[in-house]
Amino acid sequence: MSTSQNYIYLDNASTTKVDDEVIREIIPYLSELYGNSSSAHSLGVEINKKIVKARGNVAKLFNSEPKEITFTSGATEAINTTLKGIVTSNRTKRIQIITVKTEHSAVLDTCKYLEEIGFDVVYLPVLKSGLLDLNELKKVISEKTLLVSVMLVNNETGVIQPIKEITKIAHQFGALMMTDATQAVGKIPVDVKDLNIDYLVFSGHKFYAPKGIGGYYQNSQSLNFQPLLHGGGQEKGKRSGTLNVPGVIGLGKSCEITINETERNKSSVQELRDLLENELLTIEGAFVNGDRENRIYNISNICFPHIDADILIKMLDNICVSNGSACHSELIEPSHVLTAMGLSNKNAFSSIRFSLSKYNTESEILYTIKKVKEIISQLKTSNYA
Ligand code: PLP
């Protein structure tokens, strides 16, 4: 790869470009307005006003109250804070946590840890479509269930889970409901009141804010829990540590842009995603992983049978895409999401995720279609030679 101008970036589920408007908003807080938002002096007070505004924008995006938003370093910290906090602060006899096999590793690995310290964790299977079968949830949920944690949008397939219905079932059994909305926030409407959710996690770098800022929503009526980080008592004691002022201000701006822009972005991004997907599906044997109806508009996960996705990614060179395989102590494992959906290891290793943003253009998509087709035909010829 030569210069950054030459990238065609189709890996936006991994991270996004920071919006120029967001950058302009942040810069003064990295230079002349570098104070600490907790300071009592006039600079601190001025900065704190900006933090209040940013928190208000985040709250508005979720239809929540500003006091229900706590900032963290991102979704991983927010997930650790909420899951560990809820279970360790609970004073009831409830010991069961229910989650799903296709969750992000931040949820799965936190649950694994909670299992190690004595909690009973159930990992629900999914259908071939990647959707949760609500009957599976109904089979295991009981008065012993403390918490149900299900993601809103899957990061590999874009499949949207029926969170409103899941929350209803959780509440019928007196359980709390948390959703990892990292891939949803900034792209589709996320209304915490409509979802009736207890806790919701998000991350700025997935929707044009910088890396290292995110947070969680906590319904003010739901169980209050112990913080993960103790110290200076910032964020009303819920998350100690000097606030990432430029990050919070950038996140607030990004939420403001989202509130004004979502519908327009959605249709143009979806058009490009569909163009890419429909063209790539003309490749012999190719198929989409995940439910095509209940799916976010910017992700397409396609399996190209008999093609090694790692080789394809390398040959695509300046076109940035990804696959879900994970490297664990030198062993490459297939995507846990795709295998949970019933894909063979072989087909999981042949799958690629394309994830678009508002910055992608039609000419980039047309070039990508041409390159993928060329490379696959080249690989097929060499396989069969
Ligand atoms: N949850 C989901 C669904 C994600 O896609 C990601 C990021 O890849 C995370 C959690 C972790 O987010 P962060 O990078 O903000 O810790």
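An oxygen atom of the ligand lies 2.9 Å from a polar backbone atom of Ala75, and this pair makes a convenient starting point for a tour of the binding site in what is a predicted model. Side chains take part as well. A polar side-chain atom of Ser203 is placed 2.6 Å from an oxygen atom of the ligand, while a nitrogen atom of the ligand has a polar side-chain atom of Asp180 at 2.7 Å. On its own, the ligand has 400 Å² of accessible area, and the protein covers 85% of this.

Looking at the surroundings of the ligand as a whole, 13 residues are found around it, and those that come nearest are Thr76, Asp180, Gln183, Ser203 and Lys206. Asp180 and Ser203 thus appear among these nearest residues and also supply the side-chain atoms described above, Asp180 facing a nitrogen atom and Ser203 an oxygen atom. By class, the shell is made up of eight polar, three nonpolar and two charged residues. Helix 3, which spans residues 75-89, is the element that gives the most to this shell, contributing three residues.

It is helpful next to step back from the ligand to the space that holds it. The ligand takes up the largest pocket of the model, and this pocket contains about 740 Å³ of space. Its lining consists of 39 residues, with His104, Ser105, Asn155, Glu156 and His336 closest to the centre. Two or more lining residues come from each of helix 3, helix 4 (105-116), strand 12 (326-328) and helix 10 (336-340). Helix 4 provides the largest share of the lining, five residues, whereas helix 3 is the element that gives the most to the shell around the ligand. Sorted by class, the pocket lining holds 19 polar, twelve nonpolar and eight charged residues.

Enclosed spaces complete the picture. Three cavities of 30 Å³ or more are present in the structure, and the largest of them has about 180 Å³ of space. This largest cavity is lined by 20 residues, and nearest to its centre lie Gly186, Lys187, Tyr208, Asn265 and Tyr297. Nine of the lining residues are polar, six are nonpolar and five are charged.

For a reader meeting this model for the first time, then, two spaces are worth finding in the view: the largest pocket, whose space is taken by the ligand, and the largest cavity, which can be located from Gly186, Lys187 and Tyr208, among the residues nearest its centre.

Note on methods
Residues numbered from 1 in each chain as written. Predicted model: local features only at pLDDT ≥ 70, side-chain atom pairs only at ≥ 80, totals over all residues. Heavy atoms only, no water. Near = heavy atom within 4 Å. Polar contact = N/O pair within 3.5 Å; in protein donor to acceptor, adjacent residues only side chain to side chain. Areas by Shrake-Rupley, 256 points an atom, 1.4 Å probe, with all protein chains shown as cover. 1 Å grid on protein atoms, 1.4 Å probe; cavity = no way out; pocket = protein on both sides within 12 Å on 5 of 7 lines; lining within 4 Å. Sits in = over half its atoms within 2 Å of the grid points. Helix = DSSP H or I, 4+ residues; strand = E, 2+ residues; numbered from the N terminus. Nonpolar A, V, L, I, M, F, W, Y, C, P; charged D, E, K, R; others polar. Points joined across faces, edges and corners; volume = space filled by probe spheres on them.
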